[in-house]
Amino acid sequence: MLLNAMNLKKSYHDITVIDDFSFHIDSSEIVVLVGRSGTGKTTLMRLLNNLEKADQGTISIEDAVLCKQGLKGAEYVDRKKRRLYQNKIGMVFQDYALFPNLSVLDNLLEAPLAQKLGSREELAAKAAGLLEQMGLDDKLEAMPSTLSGGQKQRVAIARAMMLNPRVLCFDEPTSALDRESSDSIGKLIQEIAAGGTGILIVTHDTEFGQQYGTRIVSSSEFVKNR
Ligand SMILES: Nc1ncnc2c1ncn2[C@@H]1O[C@H](COP(=O)(O)OP(=O)(O)O)[C@@H](O)[C@H]1O
Ligand SMILES: [Mg+2]
């Protein structure tokens with residue numbers, strides 16, 4: 001098991017969105033999370049990416065722990081250990097969240113340079129390799145605003161891959177794409193999974209989910225008796 005989340009609970013004020021839900025992702029799995037709007041899919045993804053804190057439960061990826069169930073609820077590890085966990089998970093946002101004022105190459109270099117994961121030369125070589133794999137080798141110097149939706153999505157994926165995540169999460173990756181671009185993103189996700197990365201995809205696109213998912217999970221399981 002790669003990612004393991006046990007007995008998660010998350011409430012906003014008096015609304016319990018996730019109640020005693022356990023979940024895992026294995027290496028090379030493409031887990032597709034489906035369910036009605038407002039049922040907590042984005043919340044689960046944000047918990048796994050430490051963008052939101054769980055009230056209760058345990059979350060880990062391999063030997064890196066994010067939080068552990070304690071007597072009074074989820075206890076989060078200190079900053080240094082949290083960094084170890086966060087380096088194992090990446091997220092591609094629905095609106096891509098590219099830096100509009102940076103070139104494609106600089107979008108990819110920003111986080112690994114800030115984290116001192118290598119020299120600019122080493123990281124630029126890695127970025128060029130990833131962009132070539134994604135058919136974007138002629139876009140290194142392009143600004144995000146000049147790219148199509150499918151190309152922006154690919155840049156966002158390459159940017160996440162720069163940090164070598166063991167788990168990669170996608171929130172509605174095809175919502176802004178036509179069928180052809182969706183298929184090429186689906187195939188790219190399959191290639192990433194074949195390399196051993198575990199994938200979590202939230203989608204309303206059932207055709208996409210059935211074609212590319214290896215397991216479907218419904219957000220109706222987040223709360224018992226919903
Ligand atoms: N930051 C927040 N503050 C208060 N309520 C929130 C917050 N984020 C989400 N919610 C509520 O939690 C529920 C689940 O939201 P969300 O995870 O976005 O669902 P989904 O992604 O399945 O559409 C909704 O009722 C939403 O209004
Ligand atoms: Mg959502």
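Start with the hairpin. Strand 1 and strand 2 form one, with 2 residues between them. In the turn sits H13, and its phi is positive, about 50 degrees. Keep in mind that this is a predicted model. So every value you hear from me is computed on that model.

Now the two arms of the hairpin. Strand 1 covers residues 3-12, and 8 bridges join it to strand 2. The two run antiparallel. For the register, take two pairs. K10 stands opposite I18 in strand 2. L8 stands opposite F21, again in strand 2.

One residue in that second arm deserves a look. D20 belongs to strand 2. Its phi is positive, about 55 degrees, although D20 is not a glycine. Most residues other than glycine have a negative phi. Is D20 buried, partly exposed or exposed? Partly exposed, with a relative accessible area of 39%.

Next, the other neighbour of strand 1. Strand 1 also pairs with strand 4, in the antiparallel sense, over 5 bridges. Here N4 stands opposite S60 in strand 4.

Put the sheet together. It is open, with 5 strands in the order 2-1-4-5-6, and the pairing is antiparallel. Which strands stand at the edges? Strand 2, residues 15-25, and strand 6, residues 73-76. Each has a single partner strand, so one side of each is left without a neighbour in the sheet. From one strand to the next, the twist averages 25 degrees. As a reminder, strands of a sheet pair through backbone hydrogen bonds, either parallel or antiparallel.

Now the helices on the sheet. Helix 1, residues 41-48, lies across strand 1, strand 2, strand 4 and strand 5. Strand 4 is 56-61 and strand 5 is 64-70. Against strand 1, helix 1 runs at about 120 degrees. Helix 2 packs on the sheet too, touching strand 1, strand 4 and strand 5. Its direction makes about 120 degrees with that of strand 5.

Leave strand 2 and you enter a loop. E29 lies there, between strand 2 and strand 3, which is 30-34. Is E29 buried or exposed? E29 is buried, because its relative accessible area is 13% and the limit for buried is under 20%. What does E29 touch, beyond residues up to four places away in sequence? H24, T197, G198, I199, T214 and R215.

On to the pocket. The largest pocket has a volume of about 440 Å³. Of the 20 residues that line it, the closest to its centre are I89, G90, M91, F93 and L163. Four elements give two or more residues to the lining: helix 2 (79-86), strand 7 (89-92), helix 3 (104-114) and helix 5 (149-161). Which one gives the largest share? Strand 7, with 4 residues. By type, the lining divides into 11 nonpolar, 6 polar and 3 charged residues.

Helix 3 is worth a second look. Which of its residues are buried? V104, L105, N107, L108, L109 and P112. The buried residues of helix 3 pack against helix 4 and helix 5. Just after helix 3 comes K116, with a positive phi of about 55 degrees.

Helix 4 runs over residues 120-133, and A125 is part of it. A125 counts as exposed, because its relative accessibility is 52% and the limit is over 50%. For a distance check, take A125 and N101. They are 24 residues apart along the chain, and their C-alpha atoms are separated by 21 Å.

One last backbone point. E172 sits in the loop between strand 8, residues 167-171, and helix 6, residues 179-194. Its phi is near 50 degrees, a positive value in a residue other than glycine. Buried or exposed? At 9% relative accessibility, E172 counts as buried. Set that beside D20, which has a positive phi of about 55 degrees and is partly exposed.

Technical notes:
Residues are numbered from 1 along each chain as its sequence is written. Chains are lettered from A and ligands numbered from 1 in the order in which they are written. This is a predicted model: local features need pLDDT of at least 70, side-chain atom pairs count only at pLDDT 80 or more; totals for chains, interfaces and linings use all residues. Side-chain values use heavy atoms; hydrogens and water are left out. On a 1 Å grid over the protein atoms alone, a cavity is a set of points where a 1.4 Å probe fits but cannot get out, and a pocket is an open set with protein on both sides within 12 Å along at least five of seven lines; lining residues have an atom within 4 Å of a point. Grid points are joined across faces, edges and corners, and a volume is the space filled by probe spheres set on the points. Ala, Val, Leu, Ile, Met, Phe, Trp, Tyr, Cys and Pro count as nonpolar, Asp, Glu, Lys and Arg as charged, and the others, Gly among them, as polar. Two strands pair if DSSP finds at least two bridges between them. Axes are lines fitted to C-alpha atoms, for helices over the stretch in contact, and angles run from 0 to 180 degrees between N-to-C directions. Contact means heavy atoms within 4.5 Å. Buried means under 20% relative accessible area, exposed over 50%, partly exposed in between (1.4 Å probe, protein chains only).
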